[in-house]
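Here is a short walk through one protein model. Keep the sequence and the 3D view side by side as you read.

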Amino acid sequence: MDHNIIFERKKRSFTSYTPHLLLAFLFTLLLQTVIIVESKNLNYTRYRQVSGLRLERIQRHLDKINKPPVLTIESLDGDLIDCVHKKKQPALDHPLLKNHKIQKMPTRMPKGMNMNINVESRNERSGGAWQMWHKNGTRCPKGTVPIRRSTVHDVLRANSLYEFGKKQRRSSFLLRRADAPDVVSGNGHEHAIAYTESGQEVYGAKATINVWDPRIEVVNEFSLSQIWILSGSFDGSDLNSIEAGWQVSPELYGDNRPRLFTYWTDPKIGNWWMSFGDNPNTLVGYWPVELFTHLADRATMVEWGGEVVNTRANGQHTSTQMGSGHFADDGFGKASYFRNLEIVDTDNSLTSVNNILTLAENKNCYNIKSSYNNKWGTYFYYGGPGNNPQCP
């Protein structure tokens, strides 16, 4: 499945604070086709004895983050989707957003981009459902945002209540380049990525992602394909990042299906918007400028590619797949790819990325191969099976 993604930041001089759903980073996530993976809904919760006191703490936390819905929709895969009033969404609980006024849409778009702010009209035009919970025909009312309801099982799959919903910290990009073996053995994160040179002024990024459903070996590992927007100190002391894409994470979601996800670092001149689809792109929401320090005015690096966690649960490299589970050399129809890599430049124009660098810490497990042609622009194949005779 091909999916487009775009991030874009709006400059302060053009920002008017008025809105919609808070996901600030116009990483215009362009989904050219719909991904609905019909796979068995596995319950990955490790059943163990849980004290009543712990259950009470978990329930108090859930009562705080699961806001009272205007309407609840039951998805065919078992998820409960709460339609929450936009002014009650949990993003506004953040202390930096106490006085935030929701912005309905960007004041301008990158040159050449056609944007639609109504997700429902997109569904009507396409006649299809791009999320599983759309398949029963019910939609959230106007003025609300759809939020998957968190459950006790979701929390119990995490190592602790504190770690619930948090992504495992990965080492910064420059540390990976300087000492990849230590990074791999230290926190288990492995990558196959393409990236721009550091120091550019970047105001957005875009790509079409070929999405698969990679196999995960153990519950606390994941496999993702995403775009990173980065700025700050790459020694890890003050790095801002915004990330969005697709991931399979049994620990987080309780199943083995690829899901759209976003992530940002919590540490000021415009919001970062996110959208998906193509012709027109559909706005999802934005990350407010108040959340950032270095990303408040621009990004300085963009990364595209895959990431997995290798826990070496059985004393050997994980067999968790990246991408499709095929190496880059297997090419079209087998290997996963990103194509039409673009960034938003200082002129607010989407431009093709002509010069990219690539990195794979352990090429015998996962690799990457980039190229260019007139139709796909700058593109790359990436991924791998993990454990194999050359990756013990």
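Start with helix H1, residues 52–65, in this predicted model. Helix H1 has 14 residues. At 1.5 Å a residue, they should span 20 Å. The end C-alpha atoms of H1 are 20 Å apart, so the expected span and the model agree.

Now look around the axis of H1. Which residues of H1 are buried? They are Arg54, Ile58 and Leu62. These three cover an arc of only 75° around the axis, which puts them on the same side of H1. A general rule of helices fits here. An α-helix has 3.6 residues a turn, so residues three or four places apart point the same way. Turn to the other side of H1, and the picture changes. There, Leu53, Arg60, Asp63 and Lys64 are exposed.

Next, move along the chain to strand E3, residues 71–74. Thr72 is found in this strand. Its relative accessible area is 34%, so Thr72 counts as partly exposed. Find Cys83 as well. Thr72 and Cys83 are eleven residues apart along the chain, and their C-alpha atoms are separated by 6.0 Å.

Two more pairs link parts of the chain that lie further along. Take Gly165 to begin with. Gly165 sits in the loop between helix H3 (152–157) and helix H4 (173–178). With a relative accessible area of 57%, Gly165 is exposed. Its partner here is Glu251, 86 residues apart from Gly165 along the chain. The C-alpha atoms of Gly165 and Glu251 are separated by 9.6 Å.

Then go to Arg257. The loop between helix H6 (250–253) and strand E11 (259–264) holds this residue. Is Arg257 buried or exposed? Arg257 is buried, with a relative accessible area of 5%. In sequence, Arg257 and Asp213 are 44 residues apart. In space, they are 6.4 Å apart, C-alpha to C-alpha.

Now look for empty space inside the model. Rolling a probe the size of a water molecule over the atoms shows where empty space is left. The largest cavity has a volume of about 80 Å³. What lines the largest cavity? Its lining is made of 14 residues. Val211, Trp212, Pro214, Ser225 and Trp246 lie nearest its centre. Strand E9 (223–233) and strand E10 (238–248) are the elements that give two or more residues to this lining. By type, the lining residues of the largest cavity divide into eight nonpolar and six polar, with no charged residue.

Aromatic rings come next. A pair of aromatic rings is described by the distance of the centres and the angle of the planes. How many aromatic pairs does the structure hold? The structure holds eleven. One of them joins Tyr337 and Tyr381. This pair is edge-to-face, at 5.8 Å centre to centre and 80° between the planes. Tyr337 lies in strand E15 (residues 336–344), while Tyr381 lies in strand E19 (residues 377–383). The pair therefore ties together parts that are 44 residues apart in sequence.

Both tyrosines of this pair are buried. Tyr337 has a relative accessible area of 4%. Tyr381 has a relative accessibility of 13%. Tyr381 also pairs with Trp376. That pair is tilted, at 6.3 Å centre to centre and 45° between the planes. Trp376 is buried too, with a relative accessible area of 12%. Step back to see the wider group. Ring pairs link Phe332, Tyr337, Trp376, Tyr379 and Tyr381 into a cluster.

End with the backbone in this part of the chain. Asn340 is found in strand E15. Phi of Asn340 is near 50°, a positive value in a residue other than glycine. Asn348 has a positive phi as well, near 60°, and is also a residue other than glycine. Where is Asn348? Its place is in the loop between E15 and strand E16 (350–352). Asn348 counts as buried, at 6% relative accessibility.

Conventions:
Residues are numbered from 1 along each chain as its sequence is written. This is a predicted model: local features need pLDDT of at least 70, side-chain atom pairs count only at pLDDT 80 or more; totals for chains, interfaces and linings use all residues. Side-chain values use heavy atoms; hydrogens and water are left out. On a 1 Å grid over the protein atoms alone, a cavity is a set of points where a 1.4 Å probe fits but cannot get out, and a pocket is an open set with protein on both sides within 12 Å along at least five of seven lines; lining residues have an atom within 4 Å of a point. Grid points are joined across faces, edges and corners, and a volume is the space filled by probe spheres set on the points. Helices (H or I, at least four residues) and strands (E, at least two) are DSSP runs, numbered from the N terminus. Ala, Val, Leu, Ile, Met, Phe, Trp, Tyr, Cys and Pro count as nonpolar, Asp, Glu, Lys and Arg as charged, and the others, Gly among them, as polar. Rings of Phe, Tyr and Trp (its six-membered ring) pair if their centres lie within 6.5 Å; planes under 30 degrees apart count as stacked, over 60 as edge-to-face and the rest as tilted. Buried means under 20% relative accessible area, exposed over 50%, partly exposed in between (1.4 Å probe, protein chains only). The expected span of a helix is 1.5 Å times one less than its number of residues. The arc is that of the directions from the helix axis to the C-beta atoms.
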